[in-house]
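Work through the exercises below with the structure in view. Try each task before reading its solution.

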Amino acid sequence: MQDAIVVDGLSKRFRRHGTQPARTLKDLLLGRNMRRSEYFWGLRDVSFSVAQGRTVGFIGPNGAGKSTLMRLVGGVGLPNSGKVRTVGRIGALLDLGSGLHHDLTGRENIFVGGIIAGMTRAEVARRFDAIVDFAELEAFIDSPLRTYSTGMQMRLAFAVAAHIDPQILLIDEVLAVGDLAFKQKCLERIKKFKAQGCTIVLVSHESSQVRQLCDEVIWLRNGAVNAHGPTELVLNQYITEMEDETRRRTPTQAPTMRLPMGTELRLNQNRFGSLETQIEAVQLLSRRGYEVIEIDSGDALQVVIAYNALQAVEAPIASVSISRPDGSICYDTNTAIAGQTLPTGAGPGQTVLQIERLDLAGGEYFVNVGLHERNWAYTYDYHWHTYPLRIVGGPGGEGVLCPPQQWSLEARREAQLSAEVAGQ
Amino acid sequence: MHILPQKGDAMASRPLPIAAQLIYARDLLRELVSRDMKIRYKRSVLGIAWTMINPLMQILIFTFLFNRVLPLNIPHYTVFVFCGVLAWNWFQTSLYLAAGGITENRDLVRRPGFPVAVLPVVTVATNMLHFLLSLPILLVCILIDGLPLSPAVAAFPLVLLVQFGLTLGLAYLIAATHVFFRDVQHILSIGLSLLFYLTPIFYTADRVPAEYQQLYLLNPMAQLVSAYRAIFLQGIWPDGGALLGVAIFAVALFALGYTIFVRASYRFVEEL
């Protein structure tokens, strides 16, 4: 089998930017030029090859070099050393919206997008109906893109990108968009590419997607290949190591802390992490700001996390989840999802999660909080099953959700009619 | 675990045949130019008419100023100034827009397989289209003034081509340097407003004192404006020698600009 992608000794150095993205003439005149810049290696001596028709996944924490590697494979940018050789037409599902314009109609955008993606006008015209059909946007195709919802825009963008016929396909985190049904459709489409013998490179944070699609996985760490092999093997190793990393960094000797409610925090039992930054207090507040351990289903809840960074940490992530006593998680969120970061540096800090409505069914729950390294590499402090929360009300039954609901009773018209007819 | 690549079986990316590449380049250029045109006028009531309104206003002001306020006594002044304004606007707007052309198209530049070098061409071509769309009004002015259209009009595409090459060469230089030094846009706006006065747009080149003439005519835009006037105003063939000089300069500038642009383009991704 011929190799579709050969990467040989690839290294890429980046300048660590300060606050200013580009130099200005002032900097140049004042002699503040490149010499002062710091460099770091985004990729170091990366070598691998992908046989034609294989699907390979790049995994690793943020900043490990996955996207950089992906772009270099796609021919964007120039490596400091090493070579990339690819055979065949490259298609890319990255930055899906690029080239689309809000004032143009769906139809116009399909042409622009398709040609930017590498098709000729004739090719776009030939596939136009298929693209519109795939995007399920027949009714809106002559409306300007600005009238589309975000989901519709992503559907259009994906549909265009999905109709190039590449021999090598690069996919970067695009499967994170759209509703579930469309996501499934995208996955099916990618599987179809695969069946057609297309070589695929995939970057994804969802291990289930990697499992589903990839034949092999390359695990990048700090810009270098840490492991390259069959999906199951490397992925499991990666997941284990991420967990190990937290366990390894958890200090063995730390005082057991007693919380105001009487629960004890014991390391490696209900507390995990390196404790470089410590969660000092967690408060659950009602809508009015009173501390609570019990709320009505559908009420608001605030989770206040007071922490103290013993040493300077860079932009940690805060997470909150709500779980049942059996450990099943009902709700899970973090600052990274919301696109926010906690401030960098040492010293005390506080962050508050505001939940507008907590529509959980009545019962006993725990609120779990954590602070994590900014790339999810390991955890600073994590409190598991230490903050109880009782939710009152809501229906009984097995379910965990209790959204606002209403049953209404209406007689079936036909049933009535037929009953009347039968009675006559 | 570390699986090294099997070296040996040498291979090269098989590029598409030249014909297919040309078709693609044509389609890409056409679609991007038409995108720019559509975006610019899509939501304005007068639409494409703005292309003509802008130079018309300038011409109106110049005609009033230099026919009435400071009479320069140039015959057929409207046609005279029209030629200058149209050629200059094409040149100036292209360069302005080229400066931001890379930095504002970050997502295209970061896209695998996208030929970044097409962006400055799109900018210059879009503005050439505006120039061409204003030509009918110039022709109307020529007819009103009773000027004959001579066979010299046949030289027009050639002059157009020379200006295209000159502008594109500069556009490549400006687009590439602006990515690394964001001051370029400011320097450019000062430079262009100075050059505007050093180009015979609202006055005639022969008013420049003799001792500065040589220097003055080194400005390629001065030569190009004269060429347009020869064609439309005087109805004579433009000065072949001067035009050839500008053409050679344009080719050299284009080669330089394109080379620098392509070299720099590998680093665009890091700077955006």
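**Exercise 1. Describe the order of secondary structure along chain B, then its burial and surface.**

Step 1. Read chain B along its sequence. The pattern is α-α-α-α-α-α-α-α-α-α. This is a predicted model.

Step 2. Count the elements. Chain B has ten helices and zero strands.

Step 3. Turn to burial. Chain B has 272 residues, and 50% of them count as buried.

Step 4. Look at the contacts between residues at least 6 apart in the sequence of chain B. Of these, 80% join residues at least 24 apart.

Step 5. Finish with the surface. The accessible surface of chain B is about 13,500 Å². Carbon and sulfur atoms hold 69% of that area.

**Exercise 2. Place B:Thr123 and decide: buried or exposed?**

Step 1. Find the element. B:Thr123 sits in helix H5 of chain B, residues 118-144.

Step 2. Take the relative accessible area of B:Thr123, which is 9%. The cut-off for buried is under 20%. B:Thr123 therefore counts as buried.

Step 3. List the neighbours, leaving out residues up to four places away in sequence. B:Thr123 touches B:Ser94, B:Leu97 and B:Ala98.

**Exercise 3. Describe chain A under the headings used for chain B.**

Step 1. Count the elements. Chain A has nine helices and 20 strands.

Step 2. Turn to burial. Of the 424 residues in chain A, 49% count as buried.

Step 3. Look at the contacts in chain A with a separation of 6 or more. Residues 24 or more positions apart make up 71% of them.

Step 4. Finish with the surface. Chain A exposes about 20,900 Å², and carbon and sulfur atoms supply 50% of this.

**Exercise 4. Which residues does A:His372 touch, and which side chain does the side chain of A:His372 meet in a polar contact?**

Step 1. Find the element. A:His372 belongs to strand E19 of chain A, residues 363-372.

Step 2. Check burial. The relative accessibility of A:His372 is 7%, so this residue counts as buried.

Step 3. List the neighbours, again without residues up to four places away in sequence. A:His372 touches A:Pro316, A:Ile317, A:Ser319, A:Tyr378, A:Thr379, A:Tyr380 and A:Tyr382.

Step 4. Pick out the polar contact. The side chains of A:His372 and A:Ser319 are joined by one of 2.8 Å.

**Exercise 5. Describe the interface between chain A and chain B.**

Step 1. Count the residues. Chain A contributes 56 residues to the contact, and chain B contributes 43 residues.

Step 2. State the area. The two chains bury about 4,500 Å² between them. Carbon and sulfur atoms account for 57% of it.

Step 3. Count the salt bridges. There are two between chain A and chain B. One of them pairs the side chains of A:Glu108 and B:Lys38, at 3.8 Å from N to O.

Step 4. Count the polar contacts. Four residue pairs across the interface are in polar contact, with both residues at pLDDT 80 or more.

Step 5. Name elements on the side of chain A that touches chain B. Those giving two or more residues include strand E1 (3-16), strand E2 (38-51), helix H3 (106-116) and helix H8 (231-249) of chain A. E1(A) gives the most, with eight residues.

Step 6. Sort that side of chain A by class. It has 26 nonpolar, 17 polar and 13 charged residues.

Terms used. Residues are numbered from 1 along each chain as its sequence is written. Chains are lettered from A and ligands numbered from 1 in the order in which they are written. This is a predicted model: local features need pLDDT of at least 70, side-chain atom pairs count only at pLDDT 80 or more; totals for chains, interfaces and linings use all residues. Side-chain values use heavy atoms; hydrogens and water are left out. Contact means heavy atoms within 4.5 Å. Buried area is the accessible area (1.4 Å probe) that two parts lose on being put together, summed over both. A salt bridge is a side-chain nitrogen of Lys or Arg within 4 Å of a carboxyl oxygen of Asp or Glu. A polar contact is a pair of N or O atoms within 3.5 Å; within protein, one must be able to donate a hydrogen and the other to accept it, and residues adjacent in sequence count only if both atoms are side-chain atoms. Helices (H or I, at least four residues) and strands (E, at least two) are DSSP runs, numbered from the N terminus. Ala, Val, Leu, Ile, Met, Phe, Trp, Tyr, Cys and Pro count as nonpolar, Asp, Glu, Lys and Arg as charged, and the others, Gly among them, as polar. Buried means under 20% relative accessible area, exposed over 50%, partly exposed in between (1.4 Å probe, protein chains only). Accessible areas come from the Shrake-Rupley method with a 1.4 Å probe; for residues, only the protein chains shown count as cover.
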